[in-house]
Amino acid sequence: MSAEAGDRLSRRAFLRTTGGAAAASALTASMIPDVHAAGGDTVQVALVGCGGRGTGAAENAMATKGGDVKLVAVADVFESKMKGSLKQLSGKFKDQVKVPDDNKFLGFDGYKKAIDSLGKGDVVILTTPCGFRPVMFKYAIDKGVNVFMEKPLTVDGPSSRKMLELAEEATKKNIKVGVGLMVRHCKGRQQLFDRIKGGEIGDILAMRAYRIHPPVGSAFTPPKPAGENELLFQIRRFHSFLWASGGLFSDFYIHQIDECCWMKDMWPIKAEAVGGRHYRGEDIDQNFDSYSVEYTFPDGTKLFYYGRHMTGTPQRFFSGIHGTKGSAVVSLTGHTPGRVRTFKDQNMKDDQLIWSFPQPEPNPYDVEWQDLLDAIRNDKPYNEVPRGVQASLVTSMGRRAAHTGQIVTYDQILKSDHEFGAGVDVYAGKEGGEAPVKAGLDGKYPVPEPGLKGDREY
Ligand SMILES: NC(=O)c1ccc[n+]([C@@H]2O[C@H](COP(=O)([O-])OP(=O)(O)OC[C@H]3O[C@@H](n4cnc5c(N)ncnc54)[C@H](O)[C@@H]3O)[C@@H](O)[C@H]2O)c1
């Protein structure tokens, strides 16, 4: 079970958000059976999910220092995505992109073939929508291949329990795993964390974060075009479907929720939230267009999160902290540069500035890859999955509170049994026309109805 993994997570691990890669693996470091002793060897990379982020991650990998990195295989369910990605990557990294035609895998079983093309010490990049993470991560572990995978890692309780079990297996097999919560690798935020720990702004009383901008990505979706394959439609519009991405809430908000929890060095134990669908016309997606969440930490500290996606309203992206002796900015206008800073008072104005991280700052999307490849080349324990699952779960806790209209505790989300992507392992293995969620006769998919659907989000 997962009860064990769940128990460990709920009782002990949530107390600290900083354990991360090293601590998670240190537990079993003495049990490591064998190592990748390749210092300086070529690390081969396969890309599964050749979209925007996957292409970016492959670039970050090939730009690292300390040894050769080559892209040797790609997989996707859309040929156009695969071709577009390869064209971009070959243009920038001509000598490092070595993907023969028979290593271009189209279709739902492509991930297996891409992973099969790798050897020990190599890395597969998993940048499909999150719904496929558990099935693809498991296959990589079975094959003994290192992994970089994007956030979120999970969308609900069952997928979180599954990923925690897989994380333990990965550690036992000495597989290195990086998770795309790149902010954790940001040099400025790391210094900010140390300063907060050192007491620069006193004890944290409250945190607040905002992500307010017009609809972006595939979050809001008009009716499915007639004739389009159901599963491919949902994958193409994955921000619209809770099984695929956790919806816009999980996909967009996880970074800021995670960075605030990191600064507090604790995970929250409950969430209370409101949200709704306003003027959404004929849209068929499962998202709300506004969310407001109050997270509570074990010591009573609050994190207030605000998300809104409507055209014609002012835009805002910000994460900040209020302490007993001052305040801090965790994200000023975006993930990178973070432009972190601390202040003597609560107004966060320049005349009360204590410290700010010097610009320009290193790009954390590059740093996270340097850290992963350093761990691979030097055989350092490295498994970011437990922390990534906790961040995903805490994010789901806030989303679930908004979607159900109930107060949701950490234990409740962890132990909940609504598995959004049930059967995705089947879909990941074939060219299916169906999908984990079905539209009604009106072409609309089930949406959250707080108060009406009990403890189910849809
Ligand atoms: N860390 C960050 O800042 C960041 C930024 C953007 C995206 N992301 C994450 O990266 C992931 C991908 O996002 P994106 O914006 O690149 O989306 P995208 O749609 O551009 O790319 C996803 C790709 O995966 C492919 N795909 C889907 N299902 C597949 C399957 N079963 N097998 C093989 N290929 C499959 C799609 O065809 C597409 O090419 C998401 O989890 C997202 O949250 C992270």
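**View 1. A six-stranded open sheet in a predicted model.** In this predicted model, 6 strands form an open sheet with parallel pairing, and their order is β3-β2-β1-β4-β5-β6. The edge positions belong to β3 (104-106) and β6 (177-179). Each of these has a single partner strand, so one side of each is left without a neighbour in the sheet. If you follow the sheet from one strand to the next, the twist averages 20 degrees. As a reminder, strands of a sheet pair through backbone hydrogen bonds, either parallel or antiparallel.

**View 2. Where β5 meets β6.** Here we look at strand β5, which covers residues 146-149. β5 and β6 run parallel and are joined by 3 bridges. To find your bearings, look for M149, which stands opposite V179 in β6.

**View 3. Helix α4 against the sheet.** Residues 79-92 make up helix α4, which packs on the sheet. The strands that α4 touches are β2 and β3. The direction of α4 makes about 165 degrees with that of β2.

**View 4. The shell around the ligand.** Now for the ligand, which is surrounded by 27 residues. The closest are G49, G51, R53, K81 and E150. The elements giving two or more residues to this shell are α3 (52-62), β2 (69-76) and α5 (110-116). Of the elements, α3 gives the most, with 3 residues.

**View 5. The ligand shell by residue class.** What is the make-up of the shell around the ligand by class? There are 13 nonpolar residues, together with 8 polar and 6 charged ones.

Terms used. Residues numbered from 1 in each chain as written. Predicted model: local features only at pLDDT ≥ 70, side-chain atom pairs only at ≥ 80, totals over all residues. Near = placed C-beta within 6 Å. Helix = DSSP H or I, 4+ residues; strand = E, 2+ residues; numbered from the N terminus. Nonpolar A, V, L, I, M, F, W, Y, C, P; charged D, E, K, R; others polar. Pairing = 2+ DSSP bridges. Axes fitted to C-alpha atoms, helices over the stretch in contact; angles between N-to-C directions. Contact = placed C-beta atoms within 7 Å.
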